[in-house]
Structures are given as structure tokens and as C-alpha cells.
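Here is a walk through one model, going from a single charged pair out to the fold as a whole. Have the viewer open as you read.

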Amino acid sequence: MWLLLVVVALFGLAIGSFLNVVIYRVPNGGSLIAPASHCPHCQAPIRNRHNVPVLGWLVLRGRCADCAAPISARYPLVELATGVAFVLVAWRLHSLNRLAGLPAWLYFTAIAIALAAIDIDCHRLPNSIVLPSYPVLALLLGIPLLWQQDYWALLRTAIGCAALFGSYFALALAYPKGMGFGDVKLAGLIGAVLGWLSYSALLVGAFAAFLLGGVAGIAVIASRRGTGKTPLPFGPFMLAGAALALYLAQPILDSYLRVTGL
């Protein structure tokens, strides 16, 4: 297990480096292939030895090797966050005896980090990331379930996708100013991965998103940084709710059943 976690951590750091490119270029319509990584100030290409996740930024002390312009700390933070998130996901799925879903959840974790950052920056959830993720997750979740002949889990995954997509679609129609269709499309992905886990994960993840969003809204008003009409990107709260459900769905459900006596 420890070897798996080390491999996953290193893989996460490398993916995090790529996610920095995605976060910067996708909202601007740029290519993910060319040009190669470069300083946004002087356009000098990043040397290979300086492109090592986290360590490269530390060696350069957060500055470009050519023009000494500051390099945002966000780059190593995204890389580190991706590595840590990958390890936590792998550890959790191992504890649930569900490692067959690890590729799907690592992919979902990667796009979640990219989408959350882009939504915070631009209040957008790009179709170029969200829409291709439907067939990717369908394959990564569906093939292991078909191999294991776990047709009930396959059905639960489809139900989760349809239920969350449909619920958000209805909310967007009823209150278009408060719910964008980017959130609707993301909801289907979240519903699929949580439905793959369990119905309790699906319910906890769905409600946690609105709870976290409500708490954040109250905090913005209380801190006088905005009003009840201040727009907040909802995608990060949806994704945080999914992460919460991965770890706490069953304890939350057990606590609810104890309190209600059901």
C-alpha cells in the first residue's frame, strides 16, 4: 500500500504541474501543447531542471531565472495540493476496498482542482473540460463494474448522474440568476462518481454543496465583503461537497440514523 501511495503522490505532483497549464490557458482559449512552459513576463522558456514540481519553484525562490520576475506561489500550491489529494483519494478507496475505481477518482480529482481554480478566477466551468469528462468517466467507472459484473453499482452510477444533473437543471430553470448551466453540467459528473460510491454519498455530497455555499455566503456578508447579491462561484462548493462525501458520507448517515432513531 505504501508503494502505491508514493507512486500516486509523484504522479499527482506531475499532474499538478500540468493543471497549472490548464488553469492558465483554457480560460484564454490557449493550446495545452504549444508553446512550451515559459515565463509570462519575459517569455523565456522554463528550463527542464526548473520545471520539477514544487522543488523548481523553491530552488528559484519564487522568481524567474531569466528576468527575476516573481512567480506566483499558486503554481507550487496547485502541484502540492494535487499530490496530497491523490494520496488521500487512494488511501480512502483502499480503506473502502474500492481501488478498482482509483483511475476514475484520480481523473475526477484532477479536473476538480482545475475547475475549482478556474471558477474562482473567471466564474466559468469550461465545456472543454466538463463535457469530455462524461465519456472518460463513463469508461473509467463502467469498465471495472462490467468486468466485476456489478450491475447494481453500474445502475447506481447512472442514477446518480441523472439525478444530480436533473436536480440542478430544474434549479437553473427555476432560478437562472442563482444557478448557471456550467453548474448543471458539472453536477452530472459529481452525481456519477458519488453514485458509484453509494446513495448515501450522493445525498451527503448534494446537500453539503449547498451547506458550504450558504456558510460562505454568510461569511461574505458578515465580513462586509459583499451582500446577498454578490455572485459566488458555486462549482468549488459542489466539488468540496463531493470530497466531503467521499470521507464522511457513512459517518454522517450513521449519526443521522442514531439521532432520528431510524
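## The charged pair

Asp-121 has a relative accessible area of 43%, so it counts as partly exposed. Keep in mind that this is a predicted model. The partner of Asp-121 is Arg-74: the two form a salt bridge, with 2.9 Å between the closest N and O atoms. Arg-74 is also in the partly exposed class, because its relative accessibility is 32%.

How many salt bridges does a search of the whole structure find? Just one. Asp-121 sits in helix α4 (residues 102–122) and Arg-74 in helix α3 (residues 74–95), so the pair ties together parts that are 47 residues apart in sequence.

## Helix α3, where Arg-74 sits

From its first C-alpha to its last, α3 reaches 31 Å with its 22 residues, close to the 32 Å you'd expect at 1.5 Å a residue. Its buried residues include Val-78, Phe-86, Val-89 and Leu-93, and you'll also find Glu-79 and Arg-92 among them.

Just after α3, look at the backbone of Asn-97: phi is positive there, about 60 degrees.

## Helix α6 and a nonpolar patch

Over on the surface, Trp-152, Leu-155, Ile-159 and Tyr-199 make a nonpolar patch of about 460 Å². Which helix gives the largest share of the nonpolar patch? That's α6 (residues 151–174), with three residues. Tyr-199, for its part, lies in helix α8 (residues 199–222). Tyr-199 is partly exposed, because its relative accessibility comes to 42% and the class runs from 20% to 50%.

α6 also has a buried set: Ala-153, Arg-156, Thr-157, Gly-160, Leu-164, Tyr-168 and Ala-172. As for its length, the 24 residues of α6 should span 34 Å at 1.5 Å a residue, and the end C-alpha atoms are indeed 34 Å apart, so the two values agree.

## Met-238 and its surroundings

Now for helix α9 (residues 235–260), which is home to Met-238. Is Met-238 buried or exposed? Buried: its relative accessible area is 2%, and the cut-off for that class is under 20%.

What does Met-238 touch, leaving aside neighbours within four places in sequence? Its contacts are Tyr-168, Asp-183, Leu-186, Ala-187, Ile-190 and Ala-209. One of these, Tyr-168, is a buried residue of α6. If you want a distance back to the start of the chain, the C-alpha atoms of Met-238 and Met-1 are 30 Å apart, with their positions 237 residues apart along the chain.

## The whole chain

Zooming out, the chain has nine helices and zero strands. Read from the N terminus, its elements go α-α-α-α-α-α-α-α-α. The C-alpha trace spans about 65 × 50 × 30 Å along its principal axes. A compact globule of 262 residues would have a radius of gyration near 18 Å, and the chain has 20 Å, so the value agrees with that rule.

Of the 262 residues, 41% count as buried. The chain exposes about 14500 Å², and carbon and sulfur atoms supply 70% of that area. For contacts between residues at least 6 apart in sequence, 67% join residues at least 24 apart.

Definitions and conventions
Residues are numbered from 1 along each chain as its sequence is written. This is a predicted model: local features need pLDDT of at least 70, side-chain atom pairs count only at pLDDT 80 or more; totals for chains, interfaces and linings use all residues. Side-chain values use heavy atoms; hydrogens and water are left out. Patches are made of residues with over 30% relative accessible area and no salt bridge: like charges are joined within 9 Å, nonpolar side chains (Val, Leu, Ile, Met, Phe, Trp, Tyr) within 5 Å. Accessible areas come from the Shrake-Rupley method with a 1.4 Å probe; for residues, only the protein chains shown count as cover. A salt bridge is a side-chain nitrogen of Lys or Arg within 4 Å of a carboxyl oxygen of Asp or Glu. Helices (H or I, at least four residues) and strands (E, at least two) are DSSP runs, numbered from the N terminus. Buried means under 20% relative accessible area, exposed over 50%, partly exposed in between (1.4 Å probe, protein chains only). The radius of gyration is taken over C-alpha atoms; the globule rule is 2.2 Å times the number of residues to the power 0.38. Contact means heavy atoms within 4.5 Å. The expected span of a helix is 1.5 Å times one less than its number of residues.
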